Amino acid sequence: MTNVAEETGGLTIRPMDQFIVQPLFGGDVVNWYTPTNVTLWLALTVIAISLVMVMGSKGRAIVPTRAQSIGEVMYGFIYKMIEDVTGKEGLRYFPYVMTLFTFILFANFLGLLPFAFTTTSHIAVTAVLALAVFITVTVLGFVLNGTAFLKMFWISSAPLALRPVLALIELISYFVRPLSHSIRLAGNMMAGHAVVKVFAGFAGAMGAAAFAPVLAVVAIYGLEVLVAAIQAYVFTILTCVYLKDALHPHH
């Protein structure tokens, strides 16, 4: 990624440097098999999820531990979301949706740690997640409904003359889904972290007079915590909406 610098009165701030993919063991060349900071933090995300959802809940205590409570709250939250959006038929896909939610949520929160790398700020990561949802939902739609799945593009309630135009619009919007699905998550995470970096740069340059920038960093960081949770929720609920289209294309 190209370095982006903002220069103001001799002060150089590079808010985009934090998103540069770098090999873990030196060098400048990144191949598909090269361990990088991205793969490191992806692995740490999986480890964190395992610690909370597997190790933290393995005792199944009547009085739950903190880790078990977190797991139970997330389980109930996603279960209810799927049931409300897709109906009972969608609950069989709960493991997939739950995995998506926990991965994005943990990746977003780990990216807020000092010196961490936010994997969900990279379109290469979010695009894979979005394409997986798109392909899964499309295949599922045809497997469950056959050619009747195409009815979702044909607006039978509209005037006959408008139906072909609306069908084309619906078809285009359908294939744009993975693009908007991935850019929304990556763009929000990247923008917030870049703004925090800019204000942190001003705070570091101003020294003892950095009261205002420090307050701004604290406020934006608090907002970023909220955004990290909201973006995981938005990605997941959109997945449920797309899943509903595959289960009920005539709706």
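# Exercises on a predicted structure

In this model, W32 has a relative accessibility of 81% and therefore counts as exposed. The model is predicted, and the exercises below work through its rings, charges, surface and voids.

**Exercise 1. State how many helices and strands the protein has, and give their order along the sequence.**

*Solution.*
Step 1. The protein contains six helices and two strands.
Step 2. Reading along the sequence gives the pattern β-β-α-α-α-α-α-α.
Step 3. As for extent, the C-alpha trace spans about 65 × 55 × 40 Å along its principal axes.
Step 4. Of the 251 residues, 41% count as buried.

**Exercise 2. Classify the ring pair of W32 and Y33 from its geometry.**

*Solution.*
Step 1. Searching the whole structure yields 13 aromatic pairs.
Step 2. For W32 and Y33, the ring centres are 5.5 Å apart and the planes stand at 90 degrees, so this pair is edge-to-face. The cut-off that decides the class is an angle over 60 degrees.
Step 3. Y33 has a relative accessibility of 55% and therefore counts as exposed.

**Exercise 3. Classify the ring pair of F134 and F175, and determine which elements it links.**

*Solution.*
Step 1. The centres of the F134 and F175 rings lie 5.7 Å apart with planes at 55 degrees, so the pair is tilted.
Step 2. F134 belongs to helix α4 (residues 123–145) and F175 to helix α5 (residues 163–206); the two residues are 41 apart, and the pair links distant parts of the chain.
Step 3. The limits for accessibility are under 20% for buried and over 50% for exposed. F134, at 16%, is therefore buried, whereas F175, at 52%, counts as exposed.
Step 4. Both rings take part in a cluster in which ring pairs link F134, F142, F149, F153, Y174 and F175.

**Exercise 4. How many salt bridges are counted, and which residues form them?**

*Solution.*
Step 1. The count is three salt bridges, for which the N to O cut-off is 4 Å.
Step 2. K80 and D84 meet through their side chains at 3.6 Å, N to O. Because these residues are four apart in helix α2, about one helical turn separates K80 from D84. K80 is partly exposed at 46% relative accessibility, and D84 is exposed at 52%.
Step 3. K88 and E83 form a salt bridge at 2.4 Å, N to O. K88 has a relative accessible area of 57% and is therefore exposed.
Step 4. In the salt bridge between R177 and D245, the closest N and O atoms are 2.6 Å apart. This pair links distant parts of the chain, with R177 in helix α5 and D245 in helix α6, 68 residues apart.
Step 5. R177 is buried, its relative accessible area being 16%, and D245 is buried too, at 14% relative accessibility.

**Exercise 5. Identify the residues of the nonpolar surface patch, and locate F25.**

*Solution.*
Step 1. The patch is formed by L24, F25, L40, L44, I47, L51, V54 and M55, and together these residues have about 760 Å² of accessible area.
Step 2. F25 sits in the loop between β2 (11–13) and α1 (37–55).
Step 3. With 71% relative accessibility, F25 counts as exposed.

**Exercise 6. Describe the largest pocket and the largest cavity by volume and lining.**

*Solution.*
Step 1. The largest pocket holds about 550 Å³ of space.
Step 2. Its lining has 21 residues, and those closest to the pocket centre are Q18, L113, P114, F115 and A116.
Step 3. α1, α5 and α6 (211–247) are the elements that give two or more residues to this lining; α5 gives the most, with four residues.
Step 4. Turning to enclosed space, the structure has two cavities of 30 Å³ or more, and the largest cavity has about 60 Å³ of space.
Step 5. Lining the largest cavity are A130, V133, F134, V137, Y174, R177, P178, H181 and Y242. The elements giving two or more residues to that lining are α4 and α5.
Step 6. Two of these lining residues appeared in earlier solutions: F134 in the tilted ring pair with F175, and R177 in the salt bridge with D245.

**Exercise 7. Where is A61 found, and how many Å apart in space are A61 and Y93?**

*Solution.*
Step 1. A61 is located in the loop between α1 and α2 (66–86).
Step 2. A61 has a relative accessible area of 33% and is therefore partly exposed.
Step 3. From C-alpha to C-alpha, A61 and Y93 are 26 Å apart in space, and they are 32 residues apart in sequence.

Notes: Residues numbered from 1 in each chain as written. Predicted model: local features only at pLDDT ≥ 70, side-chain atom pairs only at ≥ 80, totals over all residues. Heavy atoms only, no water. Phe/Tyr/Trp six-rings, centres within 6.5 Å; stacked < 30°, edge-to-face > 60°. Buried < 20%, exposed > 50% of the residue type's maximum accessible area, 1.4 Å probe, protein only. Patch = residues over 30% accessible without salt bridge, like charges linked within 9 Å, V, L, I, M, F, W, Y side chains within 5 Å. Areas by Shrake-Rupley, 256 points an atom, 1.4 Å probe, with all protein chains shown as cover. 1 Å grid on protein atoms, 1.4 Å probe; cavity = no way out; pocket = protein on both sides within 12 Å on 5 of 7 lines; lining within 4 Å. Points joined across faces, edges and corners; volume = space filled by probe spheres on them.
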